[in-house]
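Good morning, and thank you for coming. I would like to take you through one structure today, beginning with its charged pairs and ending with its helices.

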Amino acid sequence: MLLILLFVATVSIFGISYFVLRQSVCPNTWNSETFCNSVQNDEESLAIMQSDYPFLRRWIRGLRAYHQLKETKLYADVDSTLLHAYYIPASKPTPNTAIVLHGYKSKALEMLHIAYLYHHDLGFNVVLPDLRTHGKSRGTHIGFGWQDAKDVLLWMEWANDEFGKDYGGQTQMVVHGISMGAATTMFVAGQNKHNFVRAYIEDCGYSSVQEEIAYVADRDYGLPEVPCITLASQMCQWLYGWNFRDASCVEALRHVDTPMLFIHGTADRYVPFDMVHQLYDAKPRNKDIWEVRDVIHARSYHDQREEYTQRVRDFINQYLYNEN
């Protein structure tokens, strides 16, 4: 009888852990050979953005009228996965370029509010990649930024070639991400060797994939980190070649010298507010932090648009050769 109970308990734990893995890295399908996230219609996404941010309507109409919301693609170095991005050339030629990174189960077009900040308000070129298995980029599972960083480095090189050719082959680049895009930004910062990057902006990113998935699993299902999340992490290693614990933004930041602005809403219940202090403390120098009072997850720009824009402008202008 004891052996039967042990067997049932073991099977249950493995089943729960696999459920956590699949819900986390591929929530919309049980078939790992297809997209994890369905490709939402572009018009639908544009309508959502214009409803949530009405001031975008005129700007988006202008972009479309003059064919300035462009698309491009490239193939990943590691596995030749098809990667897709939108880009918006600045109204006036400039080397200043922003890479804008979306969050979990989102897509590039759902970052048009941040694109507006850089393009309309600051006069930048903007590149908006669809991260793997999101939007029009392919992939087998969601990598939580850990597996997206190398792809984003390719987009950075593409953008530098595209917008830096008239400026000695070098742009002045800012990488700005929200939520999973913020984690991607920090992983990029930990790997980047290009000196054309002037600053990073991370908005409500998590301390590590392990801690974020453990937090959500406990909040939503009451599941303990050990053994459920630990085993799910090991399954991720077996199936996809990486694990939750290694994907640590805190560790990625420990030797990053390039300036970084940390933004986090104090009322965030999706990525706990306390995580921003782990991240800020891990970065040794050249940093600033904005704690946005009473703002929930990923809504700092929505709720505090003018201050958000001014803080980003003031921060990056410290590190650009020519101010905007």
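Let me start with a question: is Arg299 buried, partly exposed or exposed? Arg299 counts as partly exposed, because its relative accessibility is 24%. Please bear in mind throughout that this is a predicted model.

Arg299 is a useful place to begin, since this residue forms a salt bridge with Asp52. The closest N and O atoms of the two residues are 2.8 Å apart. Arg299 sits in the loop between strand S8 (287-292) and helix H11 (300-303), while Asp52 belongs to helix H2. The two are 247 residues apart, and the pair thus links distant parts of the chain. Asp52, like its partner, is partly exposed, with a relative accessibility of 29%.

How many salt bridges does the structure hold? The number is 12. As a general reminder, side chains of opposite charge can pair when their charged atoms come close.

Helix H2 takes part in further pairs of this kind, through Asp42. One partner of Asp42 is Lys107, with an N to O distance of 3.7 Å. Lys107 lies in the loop between strand S3 (96-101) and helix H4 (112-121), and Asp42 lies in helix H2 (residues 42-52), so this salt bridge ties together parts that are 65 residues apart in sequence. Lys107 and Asp42 are both buried.

Another partner of Asp42 is Lys136, and here the N to O distance is 3.0 Å. Lys136 is found in the loop between strand S4 (125-130) and helix H5 (149-164), 94 residues from Asp42, and this pair too links distant parts of the chain. What is the accessibility of the two residues in this bridge? Asp42 is buried because its relative accessible area is 19%, and the cut-off for buried is under 20%. Lys136, at 27%, counts as partly exposed.

These pairs belong to a wider arrangement. Asp42, Glu71, Lys107 and Lys136 are linked in a network of salt bridges.

I turn now to the backbone. In general, most residues other than glycine have a negative phi, and most peptide bonds are trans. Which residues depart from this pattern here? Thr133 is one of them: its phi is positive, at about 65°, although it is not a glycine. Thr133 lies in the loop between S4 and H5, the loop that also holds Lys136. With a relative accessibility of 0%, Thr133 counts as buried.

Asn286 also has a positive phi, near 50°. Asn286 is in the loop between helix H10 (275-282) and S8. Its relative accessible area is 37%, and Asn286 is therefore partly exposed.

For the peptide bonds, please look at the step from Val226 to Pro227. This bond is cis, with omega near 10°. Pro227 has its place in helix H8.

That brings us to H8 and its packing against H7. Helix H7 covers residues 209-221 and helix H8 covers residues 225-240. At what angle do they pack? The angle is about 130°, and the axes are 10 Å apart. H7 and H8 are therefore oblique to each other. The crossing of H7 past H8 is right-handed.

From H7, the residues that meet H8 are Gln210, Ile213, Ala214 and Ala217; from H8, Glu225, Ile229, Thr230 and Ser233 take part. By class, the contact has 4 nonpolar, 3 polar and 1 charged residues. The buried residues of H8 include Ile229 and Ser233, together with Cys228, Leu231, Ala232, Met235, Cys236 and Tyr240. After H8 comes Gly241, with a positive phi near 85°.

One last residue deserves attention, Ser208, in the loop between strand S6 (197-203) and H7. Ser208 is buried because its relative accessible area is 6%. Which residues does Ser208 contact, apart from its neighbours within four places in sequence? They are Ala247, Ser248 and Cys249. The C-alpha atom of Ser208 is also 6.8 Å from that of Val250, a residue 42 places away along the chain.

To close, I would ask you to keep two features in view: the salt-bridge network of Asp42, Glu71, Lys107 and Lys136, and the right-handed crossing of H7 and H8. Thank you; I welcome your questions.

Note on methods. Residues are numbered from 1 along each chain as its sequence is written. This is a predicted model: local features need pLDDT of at least 70, side-chain atom pairs count only at pLDDT 80 or more; totals for chains, interfaces and linings use all residues. Side-chain values use heavy atoms; hydrogens and water are left out. Axes are lines fitted to C-alpha atoms, for helices over the stretch in contact, and angles run from 0 to 180 degrees between N-to-C directions. Helices (H or I, at least four residues) and strands (E, at least two) are DSSP runs, numbered from the N terminus. Angles under 35 degrees count as roughly parallel, over 145 as roughly antiparallel, 65 to 115 as roughly perpendicular and the rest as oblique. A crossing is left-handed if the near helix is turned anticlockwise from the far one by less than a right angle, and right-handed if clockwise. Contact means heavy atoms within 4.5 Å. Ala, Val, Leu, Ile, Met, Phe, Trp, Tyr, Cys and Pro count as nonpolar, Asp, Glu, Lys and Arg as charged, and the others, Gly among them, as polar. A salt bridge is a side-chain nitrogen of Lys or Arg within 4 Å of a carboxyl oxygen of Asp or Glu. Buried means under 20% relative accessible area, exposed over 50%, partly exposed in between (1.4 Å probe, protein chains only).
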